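Student: I should like to go through the terms used for this model and see how each one is justified.
Tutor: Certainly; let us take them in turn.

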Amino acid sequence: MSSHPNRCGWRGLAGDPVYEAYHDTEWGVPEYDSRALWEKLVLDGFQAGLAWITILRKRDAFREAFAGFDPEKVARFGEADRARLMADAGIVRSNGKIDAAINGARIYLDMRERGEDFSEFLWGFTGGKPIQGEWTEKTGIPTQTPLAVEMSKALKARGFKFVGPVIVYAFMEATGLVNDHTVTCFRHEPVKQMAR
C-alpha cells in the first residue's frame, strides 16, 4: 500500500488525519456489538444538520459526557445531568438531541429486558449479512434507501428520535450493515471480506 492509498471521495477527507483514520479503520466495518451500535446511532443523531467530522472530532468528549455510552448509566441521567450536558462545550448542545440520547438508552434497555437484542434487531433488516455496494463513484451512492426507510420506521415505532432515513442510512454505512466504500477504494475489498 502506498503512502497515499486510493480512498473514497469524501469532501474534506484527503489530508485530515482524524478523518482518514476513521475511514481507513472504522467506517464500513461490520459492527455486531449492541452497545457499540447504540453509541453510533446516538452519535449519528447528534450529527443531524452537521458534518460527521464535527461529531468525530468531539467523539471523545461525547464518550466522557455520556458515561462511555453505557446505556444503564445514561438511562439514569436526570435533570442535573441534562444541565451538565447543556453546559458542556465539548459536545453538541441540543436539548432535543440530549433528551433523545437519554430516552434512547431507556428504550435500548427496555428492548433488552423484553429479550430483543439490539444487534439482532438491526442486522435482521439485512438478513444478518452486510449489503455490498458496488459503487464506482461517490456521486452514485444514495443518501437513503427503502431499507433505511423501513429501519427508520421501526426505530421510531420503538420511540427512538433523530432516526430519519438519511441518518439511518449513514448509520448503516458506518456500522457495516452496508459496504459503501467505492470499488476503487482500498478498503472496499477488505471490508467486504469481513462479512460473517
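Student: Why is glutamate 20 counted as buried or exposed, whichever applies?
Tutor: Buried means under 20% relative accessible area, exposed over 50%, and partly exposed in between, with a 1.4 Å probe and protein chains only. Glutamate 20 has 17% relative accessibility, so glutamate 20 counts as buried. Please note that this is a predicted model, in which local features need pLDDT of at least 70 and side-chain atom pairs count only at pLDDT 80 or more, while totals for chains, interfaces and linings use all residues. Residues are numbered from 1 along each chain as its sequence is written, and side-chain values use heavy atoms, with hydrogens and water left out.

Student: What makes arginine 7 and glutamate 20 a salt bridge?
Tutor: The term requires a side-chain nitrogen of Lys or Arg within 4 Å of a carboxyl oxygen of Asp or Glu. The closest N and O atoms of arginine 7 and glutamate 20 are 3.5 Å apart, so the pair qualifies. The pair links distant parts of the chain, 13 residues apart: arginine 7 lies in the segment before α1 (17–25), and glutamate 20 in helix α1. Helices are DSSP runs (H or I, at least four residues), numbered from the N terminus.

Student: How many salt bridges does the structure hold?
Tutor: There are 15 salt bridges. Asp110, Arg114, Glu116 and Arg158 are linked in a network of them.

Student: What is the accessibility of the two partners in the salt bridge of arginine 63 with glutamate 39?
Tutor: Their closest N and O atoms are 2.7 Å apart. This pair joins helix α3 (residues 52–65), which holds arginine 63, to helix α2 (residues 34–47), which holds glutamate 39, across 24 residues. Arginine 63 has a relative accessible area of 32% and is therefore partly exposed, whereas glutamate 39, at 5%, counts as buried.

Student: Why are aspartate 44 and lysine 40 separated by about one helical turn?
Tutor: They are four residues apart in helix α2, which means a separation of about one helical turn. Their side chains meet in a salt bridge (2.7 Å, N to O), and both residues are buried.

Student: Why is α1 called roughly perpendicular to α3?
Tutor: The two helices pack at an angle of about 95 degrees, with their axes 10 Å apart. Roughly perpendicular covers 65 to 115 degrees, so α1 and α3 fit that description. The contact (heavy atoms within 4.5 Å) is made by Val18, Tyr19 and Tyr22 of α1 and by Trp52, Ile53, Leu56 and Arg59 of α3.

Methods: Axes are lines fitted to C-alpha atoms, for helices over the stretch in contact, and angles run from 0 to 180 degrees between N-to-C directions. Angles under 35 degrees count as roughly parallel, over 145 as roughly antiparallel, 65 to 115 as roughly perpendicular and the rest as oblique.
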